[in-house]
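Open the model in your viewer and keep the sequence panel visible. We will go from site to site, selecting residues as we go.

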Amino acid sequence: MRRTATPFSLIVLGLGVFLLVLAPLLARYVEPRAQRTPVDTDQTTVFTGTGSYFDTDEIETVRDKKITITRQVRGDVAESERSGRAVWDVSTSVDTDKSLPAADPHDSLQWTIERWVTDRRTNKPVHCCEEKPYFEGEAYLKFPFDVQKRSYIWWDNTLGSTVTLKYRGEKRIQGYKGLRFTGTVPATKTGTRLVPGTLVGVEDAGQVLAEEWYSNHGVELVADQRTGRIIYAAIGPRKTLRAPGTKKDAVVLLDSKRIAFTPETQQKQVDLAETDSGLLRMVGHTVPLGAGIAGFLLAVVGAVLVARGRPHPDTPESSQQPLTM
């Protein structure tokens, strides 16, 4: 008897081999290409806290007031597709109860517009596409994919420079685990502003070019390890004015020990991180593992079926009876 492979056994074997080849491709080829910063982002994050600010109506610094920071990030899809980069337009407003709800951001205590352009794979700044201002560092609106347990260089847009954030362990936000990073900013001169001399203690001058100083009591960021999305952020900004050449703050423009993501913003960021992280985990781990196991089992079954084959009777010429007369 001789044996031949059945079509079914060949199909099973072929499917098993296909899945065995597909599994490493998903892990090594598909997942890294799925780790790309989105270009169609449209999200709003809100920080709240209490502190002091300079009230232009009362011409003095008022204290223990609620401060709200609202940041809107919108992707420029057309420019992103043209350049191959992630082009995000960022609007940040600092408001008090007087300017909320902010129908016009010009009424805010402070309002800035920026354009943040990054490499979609590494998250590093790319200086193109009318970027404004010039950025550096590794993290700002997000961390790179696959966040490591090490220090990162964070861009502080108020400082106009980078700050080192040190890894401080893991922290749960709304029940979701992330990596925590902290840092501070010492008092640093960031610019000048023309103000009445009396405002900064220079009585014998009409207008003086006062020095603007900035520091930060503490920066705390918690990032999702897989996606780099920031699920919690807290800052402690302090902005002051000094008379030219002096070392003492004359006017406090803004000061808060801690302004942090609202619980609603935390939950929204956690939900987005959990969804995106789950998709990456599925493409990079769950599906390849399942494909590898299924492929191995199917290949084994297919090989056994092929080896067993389908029996056919042998019909050699020697077995045929000769014709006799």
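**Stop one: the enclosed cavity**

The residues that line the largest cavity split into three nonpolar, three polar and two charged. This is a predicted model. To see the lining, select T158, T190, E212, W213, Y214, K239, T240 and L253. Two elements, β9 (207–223) and β11 (237–242), each give two or more residues to this lining. Which element gives the most? Color β9: that strand supplies three residues of the lining of the largest cavity.

How much space do these residues enclose in the largest cavity? The volume is about 30 Å³. A search of the whole structure turns up one cavity of 30 Å³ or more.

**Stop two: an open pocket**

Clear the selection and move to the second largest pocket. Its space comes to about 150 Å³. Select the lining in three steps. Begin with Y53, F54, D55, T56 and D57, which are among the lining residues. Add T96, K98 and S99, also part of the lining. Then add D107, S108 and L109, which line the second largest pocket too.

Now color by residue class. The lining of the second largest pocket holds three nonpolar, four polar and four charged residues. Which strand should you highlight as the one that gives the most to this lining? Pick strand β2, residues 42–55, which contributes three residues.

**Stop three: two cysteines**

Select C128 and C129, and turn on the surface. Buried or exposed: what does C129 count as? C129 counts as buried, because its relative accessibility is 11% and the cut-off for buried is under 20%. C128 has a relative accessible area of 25%, so this cysteine falls in the partly exposed class.

Do not look for a sulfur bridge here. A disulfide is a covalent bond between the sulfur atoms of two cysteines. The search of the whole structure finds zero disulfides.

**Last stop: the whole chain**

Zoom out and switch to cartoon. Three helices and 13 strands make up the count of elements in the chain. Next, color by burial. Of the 325 residues in the chain, 42% are buried.

Show the full surface. The chain exposes about 18000 Å². Carbon and sulfur atoms supply 55% of that area.

Finish with a contact map. Take the contacts in the chain with a separation of 6 or more: 59% of them come from residues 24 or more positions apart.

Methods
Residues are numbered from 1 along each chain as its sequence is written. This is a predicted model: local features need pLDDT of at least 70, side-chain atom pairs count only at pLDDT 80 or more; totals for chains, interfaces and linings use all residues. Side-chain values use heavy atoms; hydrogens and water are left out. Helices (H or I, at least four residues) and strands (E, at least two) are DSSP runs, numbered from the N terminus. Buried means under 20% relative accessible area, exposed over 50%, partly exposed in between (1.4 Å probe, protein chains only). Contact means heavy atoms within 4.5 Å. Accessible areas come from the Shrake-Rupley method with a 1.4 Å probe; for residues, only the protein chains shown count as cover. A disulfide is a pair of cysteine sulfur atoms within 2.5 Å. On a 1 Å grid over the protein atoms alone, a cavity is a set of points where a 1.4 Å probe fits but cannot get out, and a pocket is an open set with protein on both sides within 12 Å along at least five of seven lines; lining residues have an atom within 4 Å of a point. Grid points are joined across faces, edges and corners, and a volume is the space filled by probe spheres set on the points. Ala, Val, Leu, Ile, Met, Phe, Trp, Tyr, Cys and Pro count as nonpolar, Asp, Glu, Lys and Arg as charged, and the others, Gly among them, as polar.
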